[in-house]
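New to this one? Let's take a walk through it, one question at a time.
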Amino acid sequence: MAGFRALAEQVRNPRLVAAQRRTALRKCLERFAPYGHRATWHHLCSRVGIAPQDRDPDPERLVVALAELEEARTLWLAYEEEFAARRRREKHDGIRQPSAIDDWHRRTWGGCDIVPCESPQRHPAARLAVVLRNMIAAMESGRPRRECPVCGGTRFAWLPDLAGPPASGPACRECGVVAPASVLTAEALTAAGRVQSGRTFAAA
């Protein structure tokens with residue numbers, strides 16, 4: 001099975017027809033898809049101006065989409081290295097109790113569903129690297145907030161039955177991101193309609 005870099009070279013290979021290069025980019029998303037496979041694909045298509053179902057897209061647009069994906073992947077791989085080094089130091093110092101960021105990182109290890117979205121067609125408009133950088137900063141800060149760590153919106157809706165990880169969570173009504181519950185204040189979660197102790201709190 002080809003890795004991300006080998007597939008990226010296929011996307012750039014001018015000797016391949018557009019359909020083959022498109023397939024290679026789709027397979028790249030099996031290795032790294034911050035919003036999940038379908039939402040990341042829809043995001044990239046929207047950013048470069050190709051239709052998600054287009055089987056013969058402009059190859060140059062595919063290359064531009066790949067560049068954005070690679071930028072985000074480079075950022076994420078660097079973060080994973082830093083995170084692993086920090087955990088090694090903490091274990092050496094006797095700090096073994098997992099935190100909220102440890103749980104989040106364990107779920108997102110490998111680069112898929114790092115910032116899951118409410119639906120494949122609803123996702124942030126900013127570059128993937130910008131969104132990842134904002135989410136990482138919010139998680140690293142350890143300070144719950146009232147606003148969305150991605151777009152700054154303040155209205156959320158608690159979704160109890162998501163298709164992928166996480167199984168449930170607060171979705172931003174502005175950008176569609178399902179934020180980790182740990183990054184939001186109790187007040188924000190209550191306003192979103194989170195179920196707690198058998199009660200459902202009405203969304204604002």
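Q: Which residues point the opposite way from F156 and W158 on strand β1?
A: This is a predicted model, so to speak for local features pLDDT must be at least 70, side-chain atom pairs count only at pLDDT 80 or more, and totals for chains, interfaces and linings use all residues. Residues are numbered from 1 along each chain as its sequence is written, and side-chain values use heavy atoms, with hydrogens and water left out. Strand β1 covers residues 156-159 (strands are DSSP E runs of at least two residues, helices H or I runs of at least four, numbered from the N terminus). All four are buried (under 20% relative accessible area with a 1.4 Å probe, protein chains only; over 50% is exposed, in between partly exposed), and the ones facing away from F156 and W158 are A157 and L159.

Q: Which residue of β2 stands opposite L159?
A: Strands β1 and β2 (residues 169-172) pair in the antiparallel sense over four bridges; two strands pair if DSSP finds at least two bridges between them. Across from L159 in β2 stands G169.

Q: Is α1 roughly parallel or roughly antiparallel to α2?
A: Helix α1 (residues 4-12) packs against helix α2 (residues 18-28) at about 155 degrees, with the axes 8 Å apart. Axes are lines fitted to C-alpha atoms, for helices over the stretch in contact, and angles run from 0 to 180 degrees between N-to-C directions. Under 35 degrees is roughly parallel, over 145 roughly antiparallel, 65 to 115 roughly perpendicular and the rest oblique, so α1 to α2 comes out as roughly antiparallel.

Q: How many nonpolar residues are in the contact of α1 with α2?
A: Contact means heavy atoms within 4.5 Å, and the residues making it include F4 and L7 of α1 and A24 and L25 of α2. Ala, Val, Leu, Ile, Met, Phe, Trp, Tyr, Cys and Pro count as nonpolar, Asp, Glu, Lys and Arg as charged, and the others, Gly among them, as polar. Besides one polar and three charged residues, the nonpolar count is seven.

Q: Is H42 buried or exposed?
A: H42 sits in helix α3 (residues 37-48). Leaving out residues up to four places away in sequence, H42 touches P52, P120, Q121 and H123. Its relative accessibility is 19%, so H42 counts as buried.

Q: How far apart in space are Y79 and L132, C-alpha to C-alpha?
A: Y79 lies in helix α4 (residues 59-92) and is buried because its relative accessibility is 4%. Y79 and L132 are 53 residues apart in sequence, but from C-alpha to C-alpha the distance is 10.0 Å.
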